[in-house]
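Here's a quick walk through a structure you may want to keep open while you read. Let's take it piece by piece.

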2 protein chains.
Amino acid sequence: MTSSPQTSAFAPAGGAVHAPKADIDVMRCLVCDIRNKSLCNSMDEEGLAALAHSSRQLLLPPGTTIVEEGEPALAFFNVTRGTVKLFKSLPDGRRQITGFADAGQFLGLSTAQTYSFGAETVDNVRLCRFLRPQLETLLSDYPTFERRLLAAVTDKLAEAQEQMLLLGRKTAREKVASFLLDRMKAFHLTANRRQEAENMASVPMTRVDIADYLGLTIETVSRTISAFRRSLLIASAENHRIRILSVATLLNIASGQKTD
Amino acid sequence: MTSSPQTSAFAPAGGAVHAPKADIDVMRCLVCDIRNKSLCNSMDEEGLAALAHSSRQLLLPPGTTIVEEGEPALAFFNVTRGTVKLFKSLPDGRRQITGFADAGQFLGLSTAQTYSFGAETVDNVRLCRFLRPQLETLLSDYPTFERRLLAAVTDKLAEAQEQMLLLGRKTAREKVASFLLDRMKAFHLTANRRQEAENMASVPMTRVDIADYLGLTIETVSRTISAFRRSLLIASAENHRIRILSVATLLNIASGQKTD
DNA sequence: ATGCAACCTTGATTTAAATCAAGTCTGGCG
DNA sequence: CGCCAGACTTGATTTAAATCAAGGTTGCAT
């Protein structure tokens, strides 16, 4: 499985796992380790078999394009491992990351013929791809699944509104504090093993991605994280892991309470 | 019907129209002038009667609170006239308007027990209020209505992503240009009478609201609009109406193409 | 008609974050 | 093991937009 950035999730190469024997395929959703943290938790055993038949599992290396802005909206995806970034761009290259989809999150819904956003893997990602007609069949056949999707999109909209508040009205310091707390939440929702890992945040993305998510430059992100480290609010753990030393202070900063 | 800012949409006073005779109530949705521009266009005649029975119509003056941040999420609304602003606030009063809901748009969906946002009328607003249990019954009884709501929320999410791009990555000039074009689009979708009104934008909100929507200050909004006027890109028409003199140039500005 | 309050505009000055400019760290590869 | 490219950090300077500060408009209530 070679690492091949720029590969599309539709290309057969680039890490895609081809459909194995039918028997195994029926089991895939039944044994999925993040099933109960995703849309799929709306399904009974029969529904899970239908899900498995309607989708194909993909394994993608970091930097792989999943969805391209403006391309026909042919598929819907459920992330089952790793982190995906969703973004929109201006013609001159300025980019806004509109969200990160961690394991258990969906992406790719569209009412239009084409995607209005791009999506790319941040790290090693496993996802289930549903072609549009298959998704529509599922929605019609399983009302609980449709209701669950409606709830999931409603939650995404609330998240988007929270991010608009951040982008439009928070300072750099407040933005970075909010981000670190979100990544701590994402880590807790995602971590399958209940380790010691209290107050850990998973930050698999680069400074460029963080900056494009928070509406800042990489220098401002770097300076702000350094300042938090100097103030002993956070500490670096292993690579792409940050330990949050004072959740309470960070919460105060994130919500605009003065903390000096 | 007295003008009473700060009144809640749940208070019986403040412009609420009480349920008239049952016959008239059955007709309400059938004869609604913006029905085919809203969620309700998914309903057949029987469904429209069910909608009318499930909802109550409210007439609210400018500045009326419809939904309060943090209050129990008891109802869902469909705007049938006027403009509503949706917003989120920080403890110190900083506010981000996350969207304007014009006639035909819904608001009030929530997965949580409480609303994560506030909503307030901008001008004179007419809306239909559905209590939560009633909405849920409708969703279960009318699958086409549920599918239509899913599509509507999906569209709102795409709009939110576009607004994140604006907030995080556009300049003041680009933000205001984008806003004026959006308001032109809103005017065209909303205007029931097909008048001469070509290239008109409906801007019922104040500078404070525009600033809180674009992540700017009122001074910057005012200066930028003045500059557009001086450059003959726009012209004031009647109050709260702006005529757009060069859609093409404004489109270029909005998408980041340099135009000097 | 007049007064006033809310809203809007314009100008001067400040500032938070961007930009410009060097480095330093890190981890994968020969 | 040590080199190199990409990622990150830190410092100096600039700048877009915020803030501070007056006025000017508008329309409603008397």
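## Around the DNA

Starting at DNA strand C, you'll find 16 residues surrounding it, and the closest are Thr220(A), Thr206(B), Arg207(B), Ser222(B) and Ser226(B). Keep in mind that this is a predicted model. Three helices each supply at least two residues of the surface near DNA strand C: α7 (218-230) of chain A, plus α6 (207-214) and α7 (218-230) of chain B. The biggest giver is α7(B), with six residues.

Next, the chemistry. The table sets the make-up of that surface beside that of a helix contact described below.

| Site | Nonpolar | Polar | Charged |
|---|---|---|---|
| Surface near DNA strand C | five residues | seven residues | four residues |
| Contact of α5(A) with α8(A) | seven residues | one residue | two residues |

Now for that helix pair. In chain A, the axes of α5 (residues 172-190) and α8 (residues 247-254) come within 8 Å and cross at roughly 130°. That makes α5(A) oblique to α8(A), and the crossing is left-handed. On the α5(A) side, the contact is made by Arg173(A), Glu174(A), Ala177(A), Ser178(A), Leu180(A) and Leu181(A). From α8(A) come Leu250(A), Leu251(A), Ile253(A) and Ala254(A).

Finally, how do the two protein copies relate? Chain B superposes on chain A after a rotation of 180° with 0.0 Å of shift along its axis, at an RMSD of 0.0 Å. The two copies are therefore related as by a two-fold rotation axis. They also meet through the same surface, because 100% of the interface residues of chain B are interface residues in chain A too.

Terms used: Residues numbered from 1 in each chain as written. Chains lettered and ligands numbered in written order. Predicted model: local features only at pLDDT ≥ 70, side-chain atom pairs only at ≥ 80, totals over all residues. Axes fitted to C-alpha atoms, helices over the stretch in contact; angles between N-to-C directions. Helix = DSSP H or I, 4+ residues; strand = E, 2+ residues; numbered from the N terminus. Parallel < 35°, antiparallel > 145°, perpendicular 65-115°, else oblique. Left-handed = near helix turned anticlockwise from the far one by under 90°. Contact = placed C-beta atoms within 7 Å. Nonpolar A, V, L, I, M, F, W, Y, C, P; charged D, E, K, R; others polar. Near = placed C-beta within 6 Å. Least-squares fit on C-alpha atoms with pLDDT ≥ 70 in both.
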